[in-house]
Amino acid sequence: VTALIAWKRAPTHANPTIERQFDRLEKSAMEPPKSAYSVLWPALFSVMSLSALLIWNAPSGPGRTRALSLWGALQGLNAAWMWLGPRQRLAQVAAAASTVGATLLYARAAEKVDEKAARLVAPYAGWVSFANLLTGQLWMRNRSKGQTLH
C-alpha cells in the first residue's frame, strides 16, 4: 500500500501536476535525479518487506509481535509521508522525521528476533535519513516562497 501511495504521489510524468510543482522547487545540490527515486524506493521497500518476512517467520513471542507492530507503524508513517505530499509541508516533515525514529526502533526490535532481519534495515535507514535531510532542505528553501513541497 505504501509503495502504491508513493507511486501515485511521485513527481513523475504519470503525475504531471506534482511533477510541475516539484520541478519549480529550489532544491539542494545533493538532490538526486528524479529517476533515482524510481530505482531506490522499490528496492528499499522490497528489502524492508524481506526483513518483515523474516520476523513473521520467526517463532511467535512478544519480541516478534513488537517488531511486527513497529514495522506496521513504520509503513503507516511512510504512507503518511507520501500522502501528505505537496500541500502540507510541515506535517510532511514531521512524518518524515518520525519515520527515522520508527525505523531505528524497528531495527532494534528486529535485532532481538532475527539479526539478519535487523541488518536488512540498514540501507533503508540510511536512505530515509538522507531523504529526511532533503525533505527538510526543500521545506526550508521553499517555505517563504509559497511553493509546494512533495
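The following exercises, each with a worked solution, concern a predicted model of a protein.

**Exercise 1. Overall fold**

Determine which secondary structure elements the protein contains and in what order they occur.

Solution. Step one is the count: the protein has seven helices and zero strands. Step two is the order, which from the N terminus reads α-α-α-α-α-α-α. Step three adds the sequence distance of the contacts. Among contacts with a separation of 6 or more, 71% join residues 24 or more positions apart.

**Exercise 2. Dimensions and surface**

Establish how the radius of gyration of the protein stands against the value for a compact globule of 150 residues.

Solution. First, the reference: a compact globule of 150 residues would have a radius of gyration near 15 Å. Second, the model: the protein has 16 Å, and therefore agrees with that expectation. Third, the extent along the principal axes: the C-alpha atoms fill a box of roughly 50 × 25 × 25 Å. Fourth, the surface: the exposed area is about 8,000 Å², of which carbon and sulfur atoms supply 64%. Finally, buried residues constitute 47% of the 150 residues.

**Exercise 3. Charge and salt bridges**

State how many positive and negative side chains the protein carries, and how many salt bridges are counted.

Solution. The protein carries 17 positive and 7 negative side chains. The centres of these two sets are 7 Å apart. Side chains of opposite charge can pair when their charged atoms come close. Under the cut-off of 4 Å between a side-chain nitrogen of Lys or Arg and a carboxyl oxygen of Asp or Glu, two salt bridges are counted. Exercises 4 and 5 treat them in turn.

**Exercise 4. The pair Glu26 and Arg141**

Identify which parts of the chain the salt bridge between Glu26 and Arg141 ties together.

Solution. The first step is the distance: the side chains of Glu26 and Arg141 meet at 3.4 Å, N to O. The second step is location: Glu26 lies in the loop between α2 (16–24) and α3 (34–56), whereas Arg141 lies in helix α7 (residues 121–142), so the pair ties together parts that are 115 residues apart in sequence. The third step is exposure. Glu26 has a relative accessible area of 35% and is partly exposed; Arg141, at 33%, is partly exposed as well.

The residue Lys27 supplies further detail on this region. Lys27 is placed in the loop between α2 and α3, and its relative accessibility of 23% makes it partly exposed. Beyond its neighbours within four places in sequence, Lys27 contacts Phe22, Leu138 and Arg141. Lys27 and Gln137 are 110 residues apart in sequence, yet their C-alpha atoms are 7.4 Å apart in space.

**Exercise 5. The pair Arg108 and Glu111**

Locate Arg108 and Glu111 and give their separation along the chain.

Solution. The closest N and O atoms of Arg108 and Glu111 are 2.8 Å apart, and the two residues form a salt bridge. Both residues lie in helix α5 (residues 89–111), three residues apart, which is about one turn of the helix. As to exposure, Arg108 is partly exposed at 49% relative accessible area, and Glu111 is partly exposed at 39%.

**Exercise 6. Trp41 and Arg64**

Decide whether Trp41 is buried or exposed, and do the same for Arg64.

Solution. The needed cut-off is that buried means under 20% relative accessible area. Trp41, in helix α3, has 11% relative accessibility and therefore counts as buried. Leaving aside neighbours within four places in sequence, Trp41 contacts Met82, Tyr124, Trp127, Val128 and Ala131. One of these, Val128, is 87 residues from Trp41 in sequence, with a C-alpha separation of 9.8 Å.

Arg64 is found in helix α4 (residues 62–84). With a relative accessible area of 16%, Arg64 is buried. Under the same exclusion of sequence neighbours, the contacts of Arg64 are Ile55, Trp56, Ala58, Pro59 and Val113. Arg64 and Leu120 are 56 residues apart along the chain, and their C-alpha atoms are separated by 16 Å.

Note on methods. Residues numbered from 1 in each chain as written. Predicted model: local features only at pLDDT ≥ 70, side-chain atom pairs only at ≥ 80, totals over all residues. Heavy atoms only, no water. Helix = DSSP H or I, 4+ residues; strand = E, 2+ residues; numbered from the N terminus. Rg over C-alpha atoms; globule rule 2.2 N^0.38 Å. Buried < 20%, exposed > 50% of the residue type's maximum accessible area, 1.4 Å probe, protein only. Contact = heavy atoms within 4.5 Å. Areas by Shrake-Rupley, 256 points an atom, 1.4 Å probe, with all protein chains shown as cover. Lys, Arg positive; Asp, Glu negative; His and termini not counted. Charge placed at Lys NZ, Arg CZ, Asp CG, Glu CD.
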